[in-house]
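Open the model in your viewer and keep the selection tool ready. We will go from stop to stop, picking residues and looking at what surrounds them.

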Amino acid sequence: DVLERVRPGWRVIGYDVPIGRRRTAYFAWIMPQREHVHLGFVHGDSLVDPAHLLDGEPGVRARWATLCPGDSIDEAGLAALLRQAVEVAGLTRAERMWRSIAHDGGAADL
């Protein structure tokens with residue numbers, strides 16, 4: 001039950017999840033490029049990624065999986081990331097921040 005729309009200025013296909021009656025939250029995108037495709041997550045730093053499928057710089061909120069022709073695709077791992085991304089999209093900023101810290105192992109330091 002997500003909304004898919006082309007975002008031509010960003011050159012992506014974006015996905016929003018309904019939050020409540022009138023709001024939506026942008027949670028993921030597909031960015032096709034000649035050499036590969038990115039499956040991106042707006043709040044990727046808040047996702048648990050045990051299979052290490054996500055790329056991105058530490059401390060940067062967005063993260064993505066890069067899929068190249070001929071790669072084997074971890075469908076179960078990507079599906080788990082998508083389910084988490086939908087869940088995280090509905091959280092408050094504070095809840096996302098706490099989740100991100102907790103997954104980095106930093107929660108014990110607080």
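Start with H52, which sits in the loop between strand 4 (37-41) and strand 5. This is a predicted model. Now check the backbone of H52: phi is positive, about 55°, although H52 is not a glycine. Is H52 buried or exposed? H52 is exposed, with a relative accessible area of 69%.

**Next stop: R11**

Select R11. You will find R11 in the loop between strand 1 (3-7) and strand 2 (12-19). Phi of R11 is near 60°, a positive value in a residue other than glycine. R11 is exposed, and its relative accessible area is 69%.

**Strands 1 and 2: a shared partner**

Before the next picks, keep one idea in mind. Side chains of opposite charge can pair when their charged atoms come close. How many salt bridges does the structure hold? There are 3.

Select R5 and D16 for one of them. The closest N and O atoms of this salt bridge are 3.2 Å apart. The pair links distant parts of the chain: R5 belongs to strand 1, D16 to strand 2, and 11 residues separate them. Color the two by accessibility. R5 counts as partly exposed, at 45% relative accessibility. D16 counts as buried, at 3%.

Keep D16 selected and add R7. The side chains of R7 and D16 also meet in a salt bridge, at 2.8 Å from N to O. Both R7 and D16 are buried.

**Helix 1: two sides**

Now select residues 75-89, which make up helix 1. How far apart are the end C-alpha atoms of helix 1? They are 21 Å apart. That agrees with the span expected for 15 residues at 1.5 Å a residue, which is also 21 Å.

Highlight G77, L78, L81, Q84, A85, V88 and A89: these residues of helix 1 are buried. Turn the view to look down the axis of helix 1. The buried residues fall within an arc of 135°, so they line one face of the helix. A general rule helps here. An α-helix has 3.6 residues a turn, so residues three or four places apart point the same way. Now rotate to the other side of helix 1, where E75, A76 and R83 are exposed.

**From helix 1 to helix 2**

Stay on helix 1 and pick E87, then add R99. R99 forms a salt bridge with E87, and their closest N and O atoms are 3.3 Å apart. R99 lies in helix 2 (residues 93-103) and E87 in helix 1, so the pair ties together parts that are 12 residues apart in sequence. R99 is buried, with a relative accessible area of 15%. E87 is partly exposed, at 47%. Glance back at the earlier group too: salt bridges that share partners join R5, R7 and D16 into one network.

**Last stop: R63**

Select R63, in strand 5 (residues 63-67). R63 is buried, yet R63 has no salt bridge. Which side chain of opposite charge is nearest to R63? It is D49, 4.2 Å away. A salt bridge needs the nitrogen and the carboxyl oxygen within 4 Å.

What does the side chain of R63 reach instead? Look for the backbone oxygen of L54, at 3.2 Å. Finally, show the surroundings. Leaving aside neighbours within four places in sequence, R63 is in contact with W29, L39, G40, F41, G44, D45, D49, L54 and D55.

Terms used
Residues numbered from 1 in each chain as written. Predicted model: local features only at pLDDT ≥ 70, side-chain atom pairs only at ≥ 80, totals over all residues. Heavy atoms only, no water. Helix = DSSP H or I, 4+ residues; strand = E, 2+ residues; numbered from the N terminus. Expected span 1.5 Å × (residues − 1). Buried < 20%, exposed > 50% of the residue type's maximum accessible area, 1.4 Å probe, protein only. Arc of directions from axis to C-beta. Lys, Arg positive; Asp, Glu negative; His and termini not counted. Polar contact = N/O pair within 3.5 Å; in protein donor to acceptor, adjacent residues only side chain to side chain. Contact = heavy atoms within 4.5 Å.
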